[in-house]
Amino acid sequence: MKRPLLVVDGDSLAHRAYHAMPKTVNRGAIVGFTNMLLRLWEMEEPRAVLVGWDTLTAPTYRHEAFEPYQSGREFDQALLEQLGMLPELVEALGFAAAKGAGYEADDFVAAAVRSEEERAGRAVVVTSDRDLFQLATEQTVIVTPIRGVSELARIGPDEVRERYGVEPAQVPDFIALRGDPSDRLPGARGVGPKTAASILAQYGTLEAALDAGRFPNQREELLLYRRIATLDASAPLPPLKDQSPTWAEASSLVRSWNLNQLADRLAARA
């Protein structure tokens, strides 16, 4: 079987690592993120790695279209500092990093998955963001950390159906109806997960439900929520040719950050 493309939601994994690591660990987000990336490299044996990043200093079309989107989020200064350093580490490892104003990490992940599937390849997506379950196909599996970052669950189309009662392609419609508190999307009034799944089982799409007369007073806002929940697979990507990790270069970089134990682990692979 062809080696997959490993596609990582960088911000999601870094946040997860930061909160899972003891605060006594120096630059825990970097240490935890790198340890997880090394583990994934060994598990998946990918042909290449792409890590997508948010640009926290510039709004996306989602923020411009819906002012409450992701409002109220606050990050520790220590985490923000490490989020600024991690793309450099990814590139030092010989992997590809994607970041650009107007796009979120999710969009780069979606673009990389589309690119890999178009070349008849397989993709492994790593994220704790369930919005990305919309990418699950026979060619693409979602790997999501549970219990901090110590355990991993693999999510394919069957698991999406089992968890939510919808097809992966229906996930943006499902989010629009159910809402998403983490993104401040309120959803349809009075609709929870089971009702959202039932509506999509009956009508197939949000638009078909609206055309049938459901939620007449919320039509435009629900369509906006679906647009916000839909990943933008047109995000620009760097080249995704086969890669050979540059462990020694990464080791040198993290040693300059006084992360000597991590540097030793990387150097041992060189």
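This passage describes a sheet and the packing of helices in a predicted model.

The sheet is open and consists of 6 strands, arranged in the order β3-β2-β1-β4-β5-β6 with mixed pairing. Strands β3 (96–98) and β6 (151–155) stand at its edges; each has a single partner strand, so one side of each is left without a neighbour in the sheet. On average, and with direction ignored, neighbouring strands of the sheet are turned by 25° against each other.

Within this arrangement, strand β1 (residues 5–9) and strand β4 (residues 123–126) run parallel and are joined by 4 bridges. Val 8 stands opposite Val 126 in β4. Helix α2 (residues 28–44) packs on the sheet, where it touches β1, β2 (48–52), β4, β5 (140–146) and β6. The direction of α2 makes about 50° with that of β6.

A further contact is formed between two helices. Two packed helices are described by the angle between their axes and the distance between the axes. For helix α7 (residues 171–178) and helix α10 (residues 219–229), the axes come within 8 Å and cross at roughly 130°. Angles of 65 to 115 degrees count as roughly perpendicular and those over 145 as roughly antiparallel; α7 and α10 are therefore oblique to each other. Their crossing is right-handed. Helix α7 contributes Pro 172, Asp 173, Ile 175 and Ala 176 to the contact, and helix α10 contributes Leu 222, Tyr 225, Arg 226 and Ala 229. Of the residues in this contact, 6 are nonpolar and 2 are charged, while none is polar.

Notes: Residues numbered from 1 in each chain as written. Predicted model: local features only at pLDDT ≥ 70, side-chain atom pairs only at ≥ 80, totals over all residues. Heavy atoms only, no water. Pairing = 2+ DSSP bridges. Helix = DSSP H or I, 4+ residues; strand = E, 2+ residues; numbered from the N terminus. Axes fitted to C-alpha atoms, helices over the stretch in contact; angles between N-to-C directions. Contact = heavy atoms within 4.5 Å. Parallel < 35°, antiparallel > 145°, perpendicular 65-115°, else oblique. Left-handed = near helix turned anticlockwise from the far one by under 90°. Nonpolar A, V, L, I, M, F, W, Y, C, P; charged D, E, K, R; others polar.
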